[in-house]
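These are my notebook entries on one protein and its ligand. I set down here what I looked up, step by step.

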Amino acid sequence: MVVLRKGRAVAIRRDEQDESFDWQRSAACRGEHAVAFFPPPHFERKELRLARERRAKAICRTCPVSVACLDYALAAREPHGVWGGLNEVERRLIADERNGRGEPPRGSGR
Ligand code: SF4
């Protein structure tokens, strides 16, 4: 199976792993939206990054597979981009909290 990241093929997975990546077929970020989810290859000013991430997160809010996506990104420790509606810093806060390190993320209700 071809593994898609934001609609772009990034790897070939063995058949037995296909089912665990089925959620990617329903991802709302496939196609032309993909550019909003990762930083450009050049320096990106903070206000442009924030605007890009807002666009990506708005798409995530409409996505039918956001839970599976976030679970994947947390498990894989995806170091870049917006996955499951969270950027890399927000995911790191959750991972740290799960590992008993750091403060709970803002807005977590605790
Ligand atoms: S939750 Fe966001 S990043 Fe994940 S598949 Fe859906 S649109 Fe893409």
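Entry 1, the elements. I counted three helices and two strands in the protein. Reading from the N terminus, I noted the order β-β-α-α-α. I recorded that the model is a predicted one.

Entry 2, burial and contacts. I looked up how much of the protein is buried, and found that 16% of its 110 residues count as such. I then turned to the contacts between residues at least 6 apart in sequence, of which 39% join residues at least 24 apart.

Entry 3, the ligand. Which residues are closest to the ligand? I found 14 residues around the ligand, with Ala27, Cys29, Cys60, Cys63 and Cys69 as the closest. I noted that helix H1 (46–61) and helix H2 (66–76) are the elements that each give two or more residues to this shell. Sorting the shell by class, I obtained eleven nonpolar residues, three polar ones and no charged ones.

Entry 4, helix H1. I read off 16 residues for H1 and a reach of 22 Å from its first C-alpha to its last, which is close to the 22 Å expected at 1.5 Å a residue. I asked which residues of H1 are buried, and found Glu53, Ala56 and Cys60. These three lie on the same side of H1, because they cover an arc of only 60° around the axis. On the other side of H1, I listed Glu47, Leu48, Arg54 and Arg61 as exposed. I also noted that H2 is included in what covers the buried residues of H1.

Entry 5, Cys60. Leaving aside residues up to four places away in sequence, I found that Cys60 touches Ser66, Val82, Gly84 and Gly85.

Entry 6, Cys29. Where does Cys29 lie? I placed Cys29 in the loop between strand S2 (8–12) and H1. Is Cys29 buried or exposed? I counted 25 other C-beta atoms within 10 Å of Cys29, and therefore entered Cys29 as buried, since 20 or more are required. I also looked up the distance from Cys29 to Ala56: their C-alpha atoms are separated by 7.9 Å, although the two residues are 27 apart along the chain.

Entry 7, the nonpolar core. In soluble globular proteins, nonpolar side chains tend to be buried together. I therefore looked up the largest nonpolar core here, which has eleven residues: Ala27, Cys29, Ala36, Phe37, Ala56, Cys60, Cys69, Ala73, Val82, Trp83 and Leu86. I noted that H1 and H2 each supply at least two residues of this core.

How values were computed. Residues numbered from 1 in each chain as written. Predicted model: local features only at pLDDT ≥ 70, side-chain atom pairs only at ≥ 80, totals over all residues. Near = placed C-beta within 6 Å. Nonpolar A, V, L, I, M, F, W, Y, C, P; charged D, E, K, R; others polar. Expected span 1.5 Å × (residues − 1). Buried ≥ 20, exposed ≤ 12 C-beta atoms within 10 Å, placed from the backbone. Arc of directions from axis to C-beta. Contact = placed C-beta atoms within 7 Å. Core = buried A, V, L, I, M, F, W, Y, C linked by C-beta atoms within 7 Å.
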